[in-house]
Amino acid sequence: MAEEKDSTSIPLSQCGGGEDPEDPAKSPPNPPNSSTRKACLVVLQSWVSKKFMTGCVVLFPVAVTFFVTWWFIQFVDSFFSPIYARLGIDIFGLGFVTSLLFVFFVGVFVSSWMGATVFWVGEWFIKRMPFVRHIYSASKQISAAISPDQNTTAFKEVAIIRHPRVGEYAFGFITSSVVLQRDNGDEELCSVYVPTNHLYIGDIFLVNSEEIIRPNLSIREGIEIIVSGGMTMPQVISPLERISRQADRIPLNRII
């Protein structure tokens, strides 16, 4: 029995040469090839992920453009394609071409005196309808803003106003001007339309004309900035007054 007690009282540190297999300090070092392999894998994974994201960034606008273009072609083609289908003509794109020609000839017809008269009569009937006239008036104002024939109902200028707090600015369009009659004198105000949901929904602010910043941007450039969510915003915006002052300071001999 004494021998059995002596055999069981041997410390664990003496077993296996006194080494703990779970101790990381006493574990055998990793070979240098494994660390090099891990570093190469990390570099390769970073390079592959970076190139993959670059491909996604390049192909995303191309895919969106093709998708929107394909949807637009199918949408426009659906106006006249049923007529050709009843006639037994099945040519893809023929309805799209017919729709474009139809829009072109409508523009030519409306530009004439007779077409303008017919259009005015049709517009007169539409404006007498209770609910339809509001939709027509709003859509006409938006189309007039991007029309190549600028008129009194279109956006006048691109404007930048201080809104909603000090140090913050809002991007909008000057639509009209109004004179506010007050006891201490008249004040000229400009009606500035600030879009809040792309272009067709927004707020109207009456701002003093002297407090409006007029940048060197055209109406089309302003619309592109609104529709793109500010992604087409130029890096430098200069007010028109500053550009005109700089032009006045240029000596005459430099211009010649």
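Here is a walk through this predicted model, from the overall layout to the helices, the sheet and the salt bridges.

Let's start with the big picture. The chain has 256 residues, and 18% of them are buried. Its secondary structure adds up to eight helices and four strands. If you trace the chain from the N terminus, the elements come in the order α-α-α-α-α-β-β-β-β-α-α-α. In other words, the run of strands has helices before it and helices after it.

Now for the helices in the earlier part of the chain. An unreviewed UniProt entry puts the feature "transmembrane region" at residues 52-73 and again at 93-121. Take a look at what the model does there. Residues 52-73 are 100% helix with 0% strand, and the C-alpha atoms at the two ends of that span are 31 Å apart. Residues 93-121 come out at 93% helix and 0% strand, with 33 Å between the end C-alpha atoms. So much for the record; the surface is worth a look too.

On that surface you'll find a nonpolar patch of about 920 Å², built from Phe-102, Val-103, Val-106, Phe-109, Val-110, Trp-113, Met-114, Val-118 and Phe-119. Two elements, α3 (94-111) and α4 (113-126), each give two or more residues to this patch. The biggest giver is α3, with five residues. Phe-102 is a handy one to click on: it sits in helix α3. Is Phe-102 buried, exposed or partly exposed? Its relative accessibility is 48%, so Phe-102 counts as partly exposed. That value falls short of the exposed class, because a residue has to be over 50% to get there.

Next, the strands. As a reminder, strands of a sheet pair through backbone hydrogen bonds, and they can do so parallel or antiparallel. Here the four strands make an open sheet in the order β1-β2-β3-β4, with antiparallel pairing. At the edges are β1 (157-162) and β4 (201-208), each of which pairs on one side only. From one strand to the next, the twist averages 45 degrees. Inside the sheet, β2 (residues 169-182) and β3 (residues 185-197) run antiparallel and are joined by nine bridges. If you want a landmark for that pairing, find Ile-174, which stands opposite Val-192 in β3.

Finally, the charged contacts. How many salt bridges does a search of the whole structure find? The count is two. One of them pairs Glu-157 with Arg-214, with 3.3 Å between the closest N and O atoms. Glu-157 belongs to strand β1, while Arg-214 is in the loop between β4 and α6 (219-227), so this pair ties together parts that are 57 residues apart in sequence. Glu-157 is partly exposed, with a relative accessible area of 29%, and Arg-214 is partly exposed as well, at 21%.

The other salt bridge links Glu-187 to Arg-182, and here the closest N and O atoms are 2.9 Å apart. Arg-182 falls within the residues of β2 and Glu-187 within those of β3, the strands with the nine bridges. Glu-187 has 19% relative accessibility and so counts as buried, since the buried class covers anything under 20%. Its partner Arg-182, at 46%, counts as partly exposed.

Terms used
Residues numbered from 1 in each chain as written. Predicted model: local features only at pLDDT ≥ 70, side-chain atom pairs only at ≥ 80, totals over all residues. Heavy atoms only, no water. UniProt positions renumbered as here; feature names shortened; annotations may be inferred. Patch = residues over 30% accessible without salt bridge, like charges linked within 9 Å, V, L, I, M, F, W, Y side chains within 5 Å. Areas by Shrake-Rupley, 256 points an atom, 1.4 Å probe, with all protein chains shown as cover. Salt bridge = Lys/Arg side-chain N within 4 Å of Asp/Glu carboxyl O. Buried < 20%, exposed > 50% of the residue type's maximum accessible area, 1.4 Å probe, protein only. Pairing = 2+ DSSP bridges. Axes fitted to C-alpha atoms, helices over the stretch in contact; angles between N-to-C directions.
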